Amino acid sequence: MTILLLIIELITAIGAIITILLHSAKGEGLGGIGGQARLFHTQKDLEKNLTKLTSFFTITFILSAIILSMRL
C-alpha cells in the first residue's frame with residue numbers, strides 16, 4: 001500500500017509540475033512552452049481545462065501526502 005501511495009504521489013507531482021508550466025503567462029516565460037499548442041478550440045478552453053487538470057493533480061498530491069504521512 002505504501003509503494004502504491006508513493007507511485008501516486010510521484011505521478012501527481014510530475015503531472016502538477018507539467019500542467020503548471022503549460023499555463024500561459026501574462027508575459028510569456030515558461031507558460032509559452034505549451035501556449036501555442038492547438039489541443040483545444042480556443043485559448044480559453046485550454047486555460048479552463050489546464051486549470052481543472054492542475055487542480056486535480058494538486059489535490060490528489062496533497063491527499064496522498066496526508067495519507068502517506070499517517071501511514072508512516
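**Helix 1 and a nonpolar surface patch**

Helix 1 comprises 21 residues (residues 2–22), which at 1.5 Å a residue should span 30 Å; the end C-alpha atoms are 30 Å apart, in agreement with this expectation. The structure is a predicted model.

Six positions of helix 1 were examined for burial: Leu5, Glu9, Thr12, Gly15, Ala16 and Thr19 are buried. These residues cover an arc of only 140° around the axis and therefore lie on the same side of helix 1. The cover over the buried residues of helix 1 includes helix 3 (43–71). On the other side of helix 1, the residues Ile3, Leu10, Ile11 and Ile17 are exposed.

Ile3, a residue of helix 1, has a relative accessible area of 64% and is classed as exposed because this value is over the 50% cut-off. The C-alpha atom of Ile3 is separated by 9.7 Å from that of Leu68, although the two residues are 65 residues apart along the chain.

A nonpolar patch of about 590 Å² occurs on the surface, made by Ile59, Phe61, Ile62, Leu63, Ile66 and Met70. Among these residues, Leu63 lies in helix 3. The relative accessibility of Leu63 is 48%, so this residue counts as partly exposed, a class that lies between the limits of 20% for buried and 50% for exposed residues.

Methods. Residues are numbered from 1 along each chain as its sequence is written. This is a predicted model: local features need pLDDT of at least 70, side-chain atom pairs count only at pLDDT 80 or more; totals for chains, interfaces and linings use all residues. Side-chain values use heavy atoms; hydrogens and water are left out. Helices (H or I, at least four residues) and strands (E, at least two) are DSSP runs, numbered from the N terminus. The expected span of a helix is 1.5 Å times one less than its number of residues. Buried means under 20% relative accessible area, exposed over 50%, partly exposed in between (1.4 Å probe, protein chains only). The arc is that of the directions from the helix axis to the C-beta atoms. Contact means heavy atoms within 4.5 Å. Patches are made of residues with over 30% relative accessible area and no salt bridge: like charges are joined within 9 Å, nonpolar side chains (Val, Leu, Ile, Met, Phe, Trp, Tyr) within 5 Å. Accessible areas come from the Shrake-Rupley method with a 1.4 Å probe; for residues, only the protein chains shown count as cover. A salt bridge is a side-chain nitrogen of Lys or Arg within 4 Å of a carboxyl oxygen of Asp or Glu.
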